[in-house]
Amino acid sequence: MAVSSLIMSPPRWAPLPVSRTARVSRPVRVAAPRAALVEASPSGLQPARDNGGSSVPLSVAVAERAEDIQAETRAMARAANATVYSPELLSRKYGSRPIKVTGRALEILIAVGSFGLKLLIDQSNGQIDQNKRKRGAELRRIFTRLGPTFVKIGQGLSTRPDICPPEYLEELSELQDALPTFPDSEAFACIERELGLSLDSIFSSISPSPIAAASLGQVYKAQLRYSGQTVAVKVQRPGIEEAIGMDFYLIRGLGFFINKYVDIITSDVVALIDEFARRVYQELNYVQEGQNARRFKKLYADKQDVLVPDIFWDYTSGKVLTMEWVDGVKLNEQEAIEKQGLKVLDLVNTGIQCSLRQLLEYGYFHADPHPGNLLATPGGKLAFLDFGMMSETPEEARFAIIGHVVHLVNRDYEAMAQDYYALDFLSPDVDVSPIVPALRDFFDDALNATVSELNFKTLVNGLGNVLYQYPFNVPAYYALILRSLTVLEGLALYADPDFKVLAASYPYFAKRLLTDPNPYLRDALIELLFQDGKFRWNRLENLLEQGRKDRDFSAKDALQPVLKLLLGPDGEELRVLVIKEAVRVTEAVVLGSVVDASRTVPDFMRTLLFNGNANGPLVMNDNELKSMIELRDQVVRIWGLLRTSENFDPALLQPILQVLQEPEARSFGGRVAGGITQRLAARLLQQVLRPPVPVPTSTS
């Protein structure tokens with residue numbers, strides 16, 4: 001069911017901090033945070049707008065931004081002693097506690113081992129199916145009992161219907177927000193201790209018990225005393241650093257064992273564990289989470305269908321986080337979402353498009369998008385919550401991923417293998433030639449369907465088989481990317497078992513290829529469109545059809561990057577190809593029109609006009625004529641796609657006309673005109689010089 005709350009803009013005034021024991025009868029007020037409204041503008045200093053849409057004066061916006069920065073600074077000071085991940089400190093701390101560490105290791109082994117033994121017994125007795133619900137509930141209890149580290153493992157499994165049966169999914173989904181709580185008295189004491197304020201001086205009301213419990217903390221619903229705004233207050237579990245620290249010490253030791261003795265896994269397992277542990281420890285610092293949320297809001301909440309709650313810094317510390325309350329339904333509660341008149345797949349598509357922007361546009365992405373962190377609001381927006389675990393994609397890797405998709409479409413396995421250098425999967429001294437046959441064997445079979453019809457799991461599994469056979473080192477950020485996309489695909493599969501993430505992603509890739517001026521992507525587009533010196537018009541038509549499905553697609557932008565490259569100093573090789581294709585297209589348009597016109601002429605006149613050939617004006621066989629007409633029709637369709645784009649404006653041709661005034665462009669235009677004239681003259685001469693078609697004589 002939806003959780004009732006209010007979504008309001010940040011207040012203009014906030015109370016000054018007071019001592020923990022103070023009682024405030026008439027709070028003194030100062031300018032307060034409206035930072036999200038300011039930060040959303042590119043400069044950060046442009047006039048903000050309030051909830052009614054009216055402009056906030058620039059001086060007020062600057063003052064509020066300054067106060068917000070001061071409030072954030074005070075929050076950072078409160079979190080100065082937050083724990084950070086250090087393998088060396090963990091080793092010193094737990095290496096001297098062998099009895100305690102051994103006890104924890106045995107606890108994990110006994111719990112997981114007993115569950116595995118029960119599964120084997122079920123299988124031997126033929127009861128594996130009828131006991132699924134029972135075993136799913138048991139696994140949930142085991143993960144809960146083992147603590148936060150294993151709860152996170154269970155949360156990941158709860159979003160994968162392709163891995164776990166439905167009974168397991170339903171049980172494990174309770175790990176999202178139905179975990180055991182800790183005493184409210186401890187939570188309230190933590191709030192007062194962390195913020196240095198009494199509870200009743202901060203809130204006019206607060207729920208007597210938590211409305212949700214997560215792996216690292218629990219959440220209360222409250223109203224701020226000074227504004228009456230409804231907020232969510234997250235409080236960290238007591239003793240969480242100790243529990244997580246020991247688990248990661250044990251898991252890291254297992255990683256060393258795997259690196260040394262398990263040859264089938266070629267990745268640096270310890271490095272992956274360290275990266276994951278670093279992210280989890282960052283989740284323990286709620287000020288860092290608040291900063292993550294602000295950055296995420298600035299980058300991605302510019303879209304009308306994405307919502308990110310704002311942070312109240314004066315009531316945030318290392319172990320307490322206060323943010324706007326969001327009214328919504330978890331994304332895996334399909335029935336509840338549809339009762340509000342919304343469609344799960346629409347929301348999932350919003351999540352996919354936002355994720356593609358995260359991964360490939362800005363590189364800053366939410367690395368823990370389980371259903372408890374993704375809500376459907378009554379207004380149809382997708383709300384992102386819980387910004388503790390974030391990651392970044394290196395810039396060179398973003399373009400390499402898009403290029404990799406192009407090479408996949410082209411079935412260019414040599415280029416795909418080379419991409420793994422740019423993706424940092426392989427060191428430069430590794431020979432990729434043996435990898436090419438493995439890629440070809442997998443993808444030639446998988447690509448019997450089109451790329452857009454493949455599901456993400458198929459690609460991940462297929463590439464995984466290749467990775468295991470060769471000396472690949474999968475970067476930690478890439479593992480988080482895979483997790484993010486597989487979670488979204490898992491959510492989509494709840495609503496539609498045939499859903500394909502790649503099909504939903506294709507419009508974004510097409511738009512980026514057609515409009516992004518980055519040299520790497522321009523080269524990738526040219527590589528996609530040209531093959532063996534010939535332009536593939538069907539590829540351009542498909543890209544335009546797909547790109548138009550992305551609401552940010554611009555027909556004007558689609559023409560500019562390639563045009564600039566074409567007329568630039570390094571574009572001679574491309575100019576040669578384009579001149580050849582321009583001549584071919586012009587010939588197809590002109591002669592195709594002549595053929596169409598000739599078909600309207602009566603047969604007896606056709607014989608007189610076309611040198612005794614009643615079949616038509618051109619000397620060419622049926623296949624050549626058919627190919628020419630198809631090319632003309634395809635070019636006409638492509639122009640139609642551009643013209644029917646939502647933002648099409650004939651003025652988009654003006655920059656092209658301006659560029660054509662440059663000396664290099666005039667030279668290029670002259671070469672095209674010369675080629676066309678030469679080609680048409682040859683056709684005309686061929687027509688004039690051909691012998692008349694003999695008229696058959698009748699015999700009596």
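Leaving aside neighbours within four places in sequence, with which residues is Glu289 in contact?

**Figure 1. Surroundings of Glu289 in helix α12 of a predicted model.** Residues are numbered from 1 along each chain as its sequence is written. In this predicted model, local features need pLDDT of at least 70, side-chain atom pairs count only at pLDDT 80 or more, and totals for chains, interfaces and linings use all residues, while side-chain values use heavy atoms, with hydrogens and water left out. Glu289 lies in helix α12, residues 286–300 (helices are DSSP runs of H or I with at least four residues, strands are runs of E with at least two, and both are numbered from the N terminus). Apart from neighbours within four places in sequence, Glu289 is in contact with Lys234, Glu283, Leu321, Asp386, Phe387 and Gly388 (contact: heavy atoms within 4.5 Å). The relative accessible area of Glu289 is 2%, so this residue is buried (buried: under 20% relative accessible area; exposed: over 50%; partly exposed: in between; 1.4 Å probe, protein chains only).

**Figure 2. The protein chain as a whole, for orientation.** The secondary structure of the chain comes to 28 helices and 17 strands. Of its 700 residues, 51% are buried. Among contacts with a separation of 6 or more, 71% are made by residues 24 or more positions apart. The accessible surface of the chain is about 33,400 Å², and 57% of this belongs to carbon and sulfur atoms (Shrake-Rupley method with a 1.4 Å probe; for residues, only the protein chains shown count as cover).

**Figure 3. Strand β7 and its partners β5, β6 and β8.** Strand β7 covers residues 217–224, and six of its eight residues are buried. Strand β5 (residues 203–206) pairs with β7 in the antiparallel sense over three bridges (two strands pair if DSSP finds at least two bridges between them). Phe203 has Leu224 of β7 as its bridge partner. Strand β6 (residues 212–213) is also antiparallel to β7, with two bridges, and Ala212 is matched to Val219 as bridge partner in β7. Three residues lie between β6 and β7 in their hairpin. Seven bridges join β7 to strand β8 (residues 230–236), again in the antiparallel sense. Here Lys221 stands opposite Ala232 in β8. The hairpin of β7 and β8 has five residues between the strands, and Gly228 takes a positive phi near 80° there.

**Figure 4. Ile240 in helix α10.** Helix α10 spans residues 240–261 and contains Ile240. With a relative accessibility of 2%, Ile240 counts as buried. Not counting residues up to four places away in sequence, Ile240 touches Pro148, Ser215, Leu216 and Leu284. Gly217 is 23 residues from Ile240 in sequence, and their C-alpha atoms are 8.7 Å apart.

**Figure 5. The open sheet β9-β14-β13-β11 and helix α14.** Four strands form this open sheet in the order β9-β14-β13-β11, with mixed pairing. Strands β9 (306–307) and β11 (329–330) stand at the edges with a single partner strand each, so one side of each is left without a neighbour in the sheet. Strands β13 (residues 374–376) and β14 (residues 382–384) run antiparallel and are joined by three bridges. Leu375 has Ala383 in β14 as its bridge partner. Helix α14 (residues 344–362) lies across β9, β13 and β14, and runs at about 45° to β14 (axes are lines fitted to C-alpha atoms, for helices over the stretch in contact; angles run from 0 to 180 degrees between N-to-C directions).

**Figure 6. Helix α4 and the residue Gly126.** Helix α4 (residues 98–124) has 27 residues and reaches 38 Å from its first C-alpha to its last, close to the 39 Å expected at 1.5 Å a residue (expected span: 1.5 Å times one less than the number of residues). Val101, Arg104, Ile108, Ala111, Phe115 and Asp122 of α4 are buried. Just after the helix, Gly126 takes a positive phi of about 70°.

**Figure 7. Cys190 and Cys354.** Cys190 counts as buried at 5% relative accessibility, and Cys354 counts as buried at 3%. The count of disulfides comes to zero (disulfide: a pair of cysteine sulfur atoms within 2.5 Å).
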